[in-house]
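Q: Please take a close look at a single part of this model. Describe how that part is placed, then set it against the chain as a whole.

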Amino acid sequence: MIYDIIIIGGGTAGMTAAIYGTRAGKSVLILEGETPGGQIVNAAHVENYPGFKSISGADFAFNLFDQAKGLGAVFAYEAVTAIGDNGDTKTVTTQQNTYTSKSIIIAAGAKNRPLGLEDEERLTGRGISYCATCDGNFFRDKVTAVVGGGNTALEDALFLSNVCKQVYLIHRRDSFRGEQHRVDLLREKQNVTFLLNARVTKLFGEDQLHTIAIQQEETEKTLDIDGLFVAIGQIPQNQIFANLVDLDQGGYIIADEACRTKTKGIFAAGDCRAKTIRQLSTATADGTIAALSAAQVE
Ligand code: NAP
């Protein structure tokens with residue numbers, strides 16, 4: 001079968017594209033290497049998506065999934081390894097299959113950025129986590145630290161402050177990229193300590209992380225903690241598409257206002273696309289635009 005549109009990635013942008021694509025009367029296949037939903041699944045509360053005062057990230061993602069599936073989008077849980085261009089048709093290869101379509105929307109999102117410290121990988125799942133809402137409850141009444149200064153770090157610290165005995169928020173600057181409203185809420189918490197102009201420099205632990213070293217301005221110190229939550233943004237994973245799309249210096253896909261890449265019939269949407277603002281609302285906007293552009297491909 002030749003699909004009209006194959007969407008790579010079942011996050012917010014991808015599932016929005018599926019909704020618009022199916023409603024335009026197109027056959028749509030979504031390929032997702034993990035579970036559908038993307039990064040927003042990990043957000044405890046979404047309170048800045050227009051029309052919803054508050055909704056959990058998991059509910060938001062499930063609603064999108066339910067809507068896309070109900071409209072006839074086909075989901076396959078396969079990781080994409082390559083894409084190809086034969087002119088009027090495109091191919092998408094996964095670890096299991098090769099699919100053919102008239103157009104491709106790359107909505108592959110981005111993955112968590114690691115601190116890049118020695119032993120970080122070894123201690124992941126052993127005291128180091130990239131998802132507070134997933135793992136926070138393992139640290140009930142314990143001491144944790146969150147690294148980062150964006151909304152994810154602020155939200156993680158708020159979530160953990162309701163679970164943990166003590167939470168340190170470690171940020172490399174003294175002002176935050178995340179919303180001031182969240183910073184203010186954190187400042188009111190008795191069990192949250194801000195460590196600003198500070199960087200984690202070393203991790204200690206054999207089977208389990210127990211201590212971190214911190215460089216704060218001119219001072220070096222160690223902190224005994226049970227859990228470290230890393231929330232320092234994302235990095236794209238677009239190298240496998242680089243044969244057919246241009247990437248910017250950060251590895252994000254360059255696409256125009258209609259989400260068109262340099263290859264006719266291949267579009268990019270959401271966090272994987274080069275842009276300055278990455279929000280839930282911009283992901284849905286991209287998904288919409290990419291699908292309506294792809295729907296015009298004959
Ligand atoms: P982000 O906004 O890119 O913030 C990343 C933070 O990590 C920045 O404060 C950055 O510091 C810091 N950082 C980056 N590399 C670092 C390194 N190597 N060492 C130490 N610190 C480092 O990422 P995010 O917080 O994951 O948010 C991503 C997007 O999702 C944002 O647009 C955000 O608003 C959105 N979001 C929304 C919600 C919500 O509305 N519920 C929740 C979470 C995220 P600098 O500031 O110094 O660069």
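A: In helix 7, the buried residues (under 20% relative accessible area with a 1.4 Å probe, protein chains only) are Leu280, Ala283, Thr284, Asp286, Gly287, Thr288, Ala290, Ala291, Ser293 and Ala294. Their cover includes strand 1 (2-8), helix 1 (12-23), helix 2 (57-70), strand 6 (98-106) and strand 17 (266-268). Helices here are DSSP runs of H or I with at least four residues, and strands are E runs of at least two, numbered from the N terminus.

Helix 7 itself covers residues 280-294, 15 residues in total. From first C-alpha to last it reaches 21 Å, close to the 21 Å expected at 1.5 Å a residue, where the expected span is 1.5 Å times one less than the number of residues.

The model is predicted: local features need pLDDT of at least 70 and side-chain atom pairs pLDDT 80 or more, while totals for chains, interfaces and linings use all residues. Residues are numbered from 1 along each chain as its sequence is written, and side-chain values use heavy atoms, without hydrogens and water.

Now the whole chain. Its secondary structure comes to seven helices and 17 strands. The radius of gyration, taken over C-alpha atoms, is 21 Å, close to the 19 Å that the globule rule (2.2 Å times the number of residues to the power 0.38) gives for 298 residues, so the chain is as compact as a globular protein of that length. The C-alpha atoms fill a box of roughly 60 × 40 × 30 Å along the principal axes. Buried residues make up 52% of the 298.

Methods:
Buried means under 20% relative accessible area, exposed over 50%, partly exposed in between (1.4 Å probe, protein chains only). Contact means heavy atoms within 4.5 Å.
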